[in-house]
Amino acid sequence: MDIKAKLKQVLIEELNLEDLTPEEIEDDAQLFGEGLGLDSLDAVELVVVIQKHFGVEIKDMEEGRPALQSIDSLAAFIEDKQQG
Amino acid sequence: MQKQSEDKQTAETGDWSSRSIGSNWQHQAFYLMIRLGGRRAAYLLLYVVVAYYVLFSRLARQRASHYLRRRFPETTGWLQLWHCYQLILSFGKVLVDRAVVGIMGPEALNVTLDAREELLKLRDEQRGMIMMSAHVGCWQVAMSALDFLQRPVNMLMRREDGDIDRHYYEHAGIDCPYRVIDPTGYLGGTLEMLGALKQGQIVCVMGDRLLGSDRSTVEVDLLGEKVSLPFSAYKIASATGAPVVVFLTRKDGPASYRLQLAQVIRVPELQGRNAETFRPYAAEFSAALDKFCQEYPYQFFNFFDMWLKQQPDNKPTIRSHDGYQGKTEAGSD
């Protein structure tokens with residue numbers, strides 16, 4: 001399973017998005033606000049699950065803000081960290 | 001204070017605003033008294049001003065009544081007015097003291113810190129610390145007592161337009177001694193808080209005021225009735241392992257404050273965002289605050305109606321928090 005597919009699966013399971021399927025989540029959809037409609041508390045959960053499932057730590061706002069824009073950006077961030 | 005017409009309208013609508021009470025020149029009058037005659041001179045003016053507002057401002061009495069009628073439920077008439085006077089006077093003294101620290105320097109007030117050793121131990125856990133306070137005493141004065149921790153301090157706060165109260169560092173003309181995290185910023189400042197805690201820093205929040213979205217609240221008891229408190233801080237504590245250190249300040253003498261470590265809340269790693277999961281931790285906080293209110297009834301300065309309205313079938317109404325989202329300003333700031 002590639003990173004994007006796994007990410008979508010993790011989001012659905014860990015953030016209780018059971019009314020969505022991985023296919024319904026667009027790669028470039030915004031994670032917060034419009035798009036998936038996640039909020040600030042989901043952001044905390046997301047940071048935790050990214051570390052848990054991908055072994056990648058989002059350390060601060062500078063890293064987190066660009067990474068947490070969409071599935072695309074988050075997958076790229078994870079890939080970059082895993083390779084680095 | 002607001003003009004009488006605005007006073008009446010606000011009292012009738014029940015709208016709450018964290019904007020400063022008093023016009024700019026009235027604040028300046030107090031600052032002038034401090035410069036000319038020190039703290040006592042400003043207090044003298046305060047006794048008169050508070051008496052005027054308690055007697056003639058419906059808005060002032062209404063704002064104080066939310067708390068007072070829960071703290072003193074049996075009280076009516078003149079005794080009720082007396083409690084109102086005592087509460088607003090205490091609040092006024094805190095505002096004067098805050099200005100005194102800025103104008104005359106921190107040595108003008110004596111701040112005593114309990115549990116210094118315990119705080120050092122918590123710091124040395126290297127998980128950061130969430131210092132959770134409430135609208136009691138004067139947290140700005142207390143902040144000066146945290147220097148010994150030698151960790152950067154981050155403060156989740158936002159100042160509303162129209163707030164003319166000055167913080168002590170503004171009086172002193174120095175840079176803000178702590179980093180401000182705006183709760184209305186990107187993702188409610190949660191990433192900034194996480195980042196600070198991961199670096200072992202201190203994050204200060206108010207436990208009696210909503211920080212993020214109105215989904216993130218849980219109902220607990222305070223003074224015998226239900227209130228809706230935020231649980232975001234406990235979620236962040238769960239994610240980082242940081243202890244939630246409940247510290248409450250109080251004025252314990254004419255020129256002295258005491259910073260009391262009321263409770264250390266440990267939140268284990270918890271999954272999800274179900275409010276029920278975090279209720280026990282919010283209840284620990286509210287119990288500490290309840291105890292404080294019982295012991296120091298005139299030092300809780302939360303001048304908005306935080307208590308949930310009860311429906312005839314005893315079910316609480318859903319309440320919008322938009323009006324005070326993310327504020328630390330309830331007046332005691």
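How many bridges join strand 2 (residues 129-133) of chain B to strand 8 of chain B, and in which sense do the two strands run? In this predicted model, strand 2 and strand 8 of chain B are joined by 3 bridges and run parallel. Within this pair, I130(B) stands opposite V244(B) of strand 8.

**The sheet in chain B**

Both strands belong to an open sheet of 7 strands in chain B, whose order is 1-9-8-2-5-3-4 and whose pairing is mixed. Strand 1 (110-113) and strand 4 (179-181) of chain B are the edge strands, each pairing on one side only. On average, neighbouring strands of the sheet are turned by 30° against each other, with direction ignored.

The pairings around strand 8 and strand 2 of chain B are listed below.

| Strand pair (chain B) | Sense | Bridges | Opposite residues |
|---|---|---|---|
| Strand 2 and strand 8 | parallel | 3 bridges | I130(B) and V244(B) |
| Strand 8 and strand 9 | antiparallel | 9 bridges | F247(B) and L261(B) |
| Strand 2 and strand 5 | parallel | 5 bridges | M131(B) and C204(B) |

Strand 9 of chain B spans residues 256-265, and strand 5 of chain B spans residues 202-206. Strand 8 and strand 9 of chain B form a hairpin, with 2 residues between them.

Why is strand 8 (residues 244-253) of chain B described as largely enclosed by the rest of the structure? The reason is burial: 8 of its 10 residues are buried. A residue counts as buried here if 20 or more other C-beta atoms lie within 10 Å of its own.

A helix also lies against this part of the sheet. Helix 5 (residues 116-123) of chain B lies across strand 1, strand 2, strand 8 and strand 9 of chain B. Relative to strand 9 of chain B, helix 5 runs at about 45°.

**Contact between the chains**

How many residues of chain A are in contact with chain B? On the chain A side there are 15, and they are in contact with 19 residues of chain B. Two elements of chain A, helix 2 (40-54) and helix 3 (61-67), give two or more residues to the side that touches chain B. Helix 2 of chain A gives the most, with 7 residues. By residue class, the side of chain A that touches chain B divides into 7 nonpolar, 3 polar and 5 charged residues. The size of an interface is often given as the accessible area lost when the parts come together.

Definitions and conventions:
Residues numbered from 1 in each chain as written. Chains lettered and ligands numbered in written order. Predicted model: local features only at pLDDT ≥ 70, side-chain atom pairs only at ≥ 80, totals over all residues. Contact = placed C-beta atoms within 7 Å. Helix = DSSP H or I, 4+ residues; strand = E, 2+ residues; numbered from the N terminus. Nonpolar A, V, L, I, M, F, W, Y, C, P; charged D, E, K, R; others polar. Buried ≥ 20, exposed ≤ 12 C-beta atoms within 10 Å, placed from the backbone. Pairing = 2+ DSSP bridges. Axes fitted to C-alpha atoms, helices over the stretch in contact; angles between N-to-C directions.
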